[in-house]
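Please describe this protein chain for a structural biologist. Cover the overall build, the helix packing and the unusual backbone sites.

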Amino acid sequence: MQQKLFSSGGALDKLATIDADIAAALSRFGPPPDRSLPASFETLARSIIGQQISRAAASAIWTRMRDQNQSSAPIIASKQPDDLMPFGLSRRKAEYLIGIADEIQSGRLDLASLAKMSGEDVQKRLVEIRGIGAWTADNFRLFALGDMDAWPANDIALQEGMKRLKSLNERPNGEMLETLGEAWRPYRGAGALMLWHIYGILVRQATIDEI
């Protein structure tokens, strides 16, 4: 991600030439931090665990699983939901993790091959898997695969960031954000990283790593 995003003539530079508001935000706030993640089962699993709970709670669950050597795809694929629920997972999330681990162990999902696919094809493949929705797929594309056009439009922090970037009267919903993002193709992922950066500074008064 770092090379695609921050290099001279990279995605952020290109986006700044398209949108003067992005250029102004870069001047005011500086570039967003590198948030690259490995294209791994752990990245997918932690995204599933983090759905609809706080970052701290999700981190605590994963730490318990890891500390008891219950966090790898081969091990989780062999489990039943009741085996994972004592770590703090709901039955549904336990089922999701087991299903994703089984996809990887069976070879039906080859994470390494995703980097060679188009963003649209990656999205289609991931959302076929129970528990992986559009938001999770978009985030995996962006953070794990460095897809500079991934655009999780239903993310509330992105919507709030866009509201401030464009001085809008109200927060745009997902449909509106899809429309607003059209002008940023094929650099919407870089725009998303910048919007999270703006959100962290202006709304949460926090670093992006704390969101």
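Buried means under 20% relative accessible area, exposed means over 50%, and partly exposed lies in between (1.4 Å probe, protein chains only). By that rule Gln123 is buried, because its relative accessibility is 15%.

This is a predicted model, in which local features need pLDDT of at least 70, side-chain atom pairs count only at pLDDT 80 or more, and totals for chains, interfaces and linings use all residues. Residues are numbered from 1 along each chain as its sequence is written, and side-chain values use heavy atoms, with hydrogens and water left out.

**Overall build**

The protein chain has 14 helices and zero strands. Helices (H or I, at least four residues) and strands (E, at least two) are DSSP runs, numbered from the N terminus. Along the sequence the pattern reads α-α-α-α-α-α-α-α-α-α-α-α-α-α.

The radius of gyration is 18 Å, which agrees with the value near 17 Å for a compact globule of 211 residues. That radius is taken over C-alpha atoms, and the globule rule is 2.2 Å times the number of residues to the power 0.38. Along the principal axes, the C-alpha atoms fill a box of roughly 50 × 35 × 30 Å. Of the 211 residues, 48% count as buried.

Contact means heavy atoms within 4.5 Å. Take the contacts between residues at least 6 apart in sequence: 59% of them join residues at least 24 apart.

**Helix α4 and its partners**

Two packed helices are described by the angle between their axes and the distance between the axes. Axes are lines fitted to C-alpha atoms, for helices over the stretch in contact, and angles run from 0 to 180 degrees between N-to-C directions. Two pairs involve α4.

| Pair | Angle and axis distance |
|---|---|
| α4 (residues 41–49) and α11 (residues 134–144) | roughly 140°, within 11 Å |
| α4 and α8 (residues 91–106) | about 165°, 10 Å |

Angles under 35 degrees count as roughly parallel, over 145 as roughly antiparallel, 65 to 115 as roughly perpendicular and the rest as oblique. So α4 and α11 are oblique to each other, and α4 and α8 are therefore roughly antiparallel.

What is the handedness of the crossing of α4 and α11? That crossing is right-handed. A crossing is right-handed if the near helix is turned clockwise from the far one by less than a right angle, and left-handed if anticlockwise. From α4, the contact uses Thr43, Leu44 and Ser47; from α11, it uses Trp135, Thr136, Phe140 and Ala144. These residues divide into four nonpolar, three polar and no charged. Ala, Val, Leu, Ile, Met, Phe, Trp, Tyr, Cys and Pro count as nonpolar, Asp, Glu, Lys and Arg as charged, and the others, Gly among them, as polar.

The crossing of α4 with α8 is right-handed. Here Phe41, Leu44, Ala45, Ile48 and Ile49 of α4 meet Lys93, Tyr96, Leu97, Ile100, Ala101 and Ile104 of α8. This contact holds ten nonpolar residues, no polar and one charged.

**Helix α11 and Gln123**

Helix α11 is mostly covered, with nine of its eleven residues buried. The buried set is Thr136, Ala137, Asp138, Asn139, Phe140, Arg141, Leu142, Phe143 and Ala144. These residues pack against α4, α9 (111–114), α10 and α14.

Gln123 sits in α10 (residues 119–127). Which residues does Gln123 touch, not counting those up to four places away in sequence? They are Ala134, Ala137, Asp138 and Arg141. Just after α11, Gly146 takes a positive phi of about 65°.

**Loops and backbone exceptions**

Most residues other than glycine have a negative phi, and most peptide bonds are trans. Gln52 is not a glycine, yet its phi is positive at about 65°. Gln52 lies in the loop between α4 and α5 (55–67). It is exposed, with a relative accessible area of 84%.

Asn69 also is not a glycine and has a positive phi, of about 55°. Its loop runs between α5 and α6 (73–77). Asn69 counts as exposed at 56% relative accessibility.

Arg185 and Pro186 are joined by a cis peptide bond, with omega about 0°. Pro186 is in the loop between α13 (174–181) and α14 (188–202).

Gly30 belongs to the loop between α3 (20–29) and α4. Is Gly30 buried or exposed? Gly30 is buried, with a relative accessible area of 18%. Leaving aside neighbours within four places in sequence, Gly30 contacts Ala25, Met194 and His197. Gly30 and Ile198 are 168 residues apart in sequence, but 9.7 Å apart in space, C-alpha to C-alpha.
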